[in-house]
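Welcome! Have a look at the sequence and the structure, and then try the exercises with us.

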Amino acid sequence: MRALRQFLLLPLLFAALALAEDNSIESAGVSRCGASLNELNKALKIELNANASCIWQIQRNTNQTVRAIFSYFRFAPSSCDTESIKVYDGPSTNSPLLARICNDTDAVPVLQSSSDSLTFLIRTNSVAFTRNFFVFYYFFSPETKIENCGGQLTGPNGTFTSPNYPASYPEFTYCVWHIQTPTNTKIELQFQDFFLELDQNCQFDFTAIYDGLTTNTGLIGKVCGRVQPTFESSSNVMTVVLSTDYANSYRGFSARYTSVPLPGPVEPEAFLTCTSYSMEIVLSKSYLASLGYNETHLQLNDASCTPVVKDSVIFSFPLGSCGTTKKDEGQSITYTNVVSLSATGNIITRQKSVQIIAKCKMENNSTLEVIYITKNNVIQNITSVGRYNVSMSFYDSDSFSNPVHEAPYYVDLNQTLYAEVSLHSADSNLLVFVDTCTASPQPDFGSVTYDLIRSGCSKDDTVVTYPALDHYGRFKFNAFRFLRSSPSVYLQCDILICDNKNTTTRCTQGCVSRQKRAISSYTWKTHTVVGPIRLKRDLRSADQSESLAKAEAGETLNLQQYSFYILSFVALILNIVIVVAAILKYRKHQAGYDYHKIQSSS
């Protein structure tokens, strides 16, 4: 009977503790629309209506960083373009964008700043609807480690527990376990013991499970309280997250994972290649056949774009064509197209509905290529890496029609040099901006350097930048040389690439002072190097040295020829003397004999 009473009272205890923590959040008096926060940790329960635009700034003078957990969000039915939370890595909305959270977010976002400040902005549209959000943040030191908190788990099966299990887990805990089993398997995860703080939306302490190796998409489930849940991945990778706040710790969990063989097809044989010019989607015929389809069932967003059918089915098309959509996401641009596999027939089908969503994401000095294969709401993905194609050249005039091909490029001191950065891409709606250009006497830029352009501002009196022109960034400057250094000059330029339909990007800001440098709404950043540049007097010195060397070589050759002639003449004279001496000796020898007449014997 005592055990029964404890069992019946336990849910009431959970509810009381959750209510107490919830009431402590309510009593904190957080502003409904925005606030400046400097506490070491705080929970925010936010309720907003239509047409809101609210900013929360978290900042504290400390050497710690900020971790913010958006553990619950309920938007009005809307798109991400009209209603979202934007999180910025810094003290204002001009700081770099960390993430955007909206109805499409398939994760429990846990975001970390790079310094002691973080800002988030919530905007709502005009739909009459009560929005609810729960955000919890705390300051922490990244170098502080919690034992038995996260890690890599490999092998066909294994076990892991929360920190301190079976004792209470620590406060302010964030652990991430990445599980990877052998290929051609999926993962079954079972929590044999599970005891976390209970609340209706799992806002305070929770465990989140993801279908893949990342925590920004593919959420399978989020759990808290006292349960024994089981989860299953679609492939051989899974991620488990444990996040806790500052109160009401319990014993945590003990979990076991096992690998289960996947039925065929084992892995989707679909590949995506992205370049500055095009997207290429390759699907194997065997993979299509395993789904009950063939090449006649496929089409892109634009059905008029047909594939090339060989050993595989290949869709290859320029960026921006065949129904490809482009989306500006702050610091990246994503190009998306969809291959639909649709069944033939007029009334019914028993085939699975399949969509292959191909995404080329240009960001952070690379092109992230992602394919999503959807089968009855099960998503698998494949990733690879590529690059934008950017080059830099000198031209002989401000018409920028005749590039300079010679290397090194010999110029006169103070000669006007014309430089152009080119983006080679089939997307005509991109803008190139020369952000910074630095000169150095060495190609590795490890020695002394000199700024020509910094943050879009001319740092040399002779620099003139030309207006932005789609795929080209142009500027000119007068030639110079470094004192007490090598005769060469190399240029290295940082290039920003933006969407030219967005008038508020970094590419349209021009010169930005260091105090305003937080503006970062560009799509992609890279750098390119050109050189060397050398003065013509160095070329003349080189020519004179070469002529002198040739003259010396000629004189050496003439002297050798003269010596040869002398030796030949001496040898000839010696031969003549020897011949004359031989003749004289021969004649003298003949003069020593007498001739006698032979008398007849008769």
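Three short exercises follow, each with a worked solution.

This is a predicted model, in which local features need pLDDT of at least 70, side-chain atom pairs count only at pLDDT 80 or more, and totals for chains, interfaces and linings use all residues. Residues are numbered from 1 along each chain as its sequence is written, and side-chain values use heavy atoms, with hydrogens and water left out.

**Exercise 1.** Find where A76 lies, and decide whether A76 is buried or exposed.

*Solution.* Start with the strands (DSSP runs of E, at least two residues, numbered from the N terminus). A76 sits in the loop between β4 (65–74) and β5 (84–88). Next, recall that buried means under 20% relative accessible area and exposed over 50%, with a 1.4 Å probe and protein chains only. A76 has 0% relative accessibility, so A76 is buried.

**Exercise 2.** Work out the handedness of the disulfide between C80 and C102.

*Solution.* First, check the bond: a disulfide is a pair of cysteine sulfur atoms within 2.5 Å, and for C80 and C102 the S to S distance is 1.8 Å. Then take the torsion about the S-S bond, about 60 degrees, so this disulfide is right-handed. Finally, C80 and C102 are both buried.

**Exercise 3.** Do the same for C202 and C224.

*Solution.* The sulfur atoms of C202 and C224 are 2.2 Å apart and form a disulfide. The torsion about their S-S bond is about -80 degrees, so the disulfide of C202 and C224 is left-handed.

Notes. Helix = DSSP H or I, 4+ residues; strand = E, 2+ residues; numbered from the N terminus.
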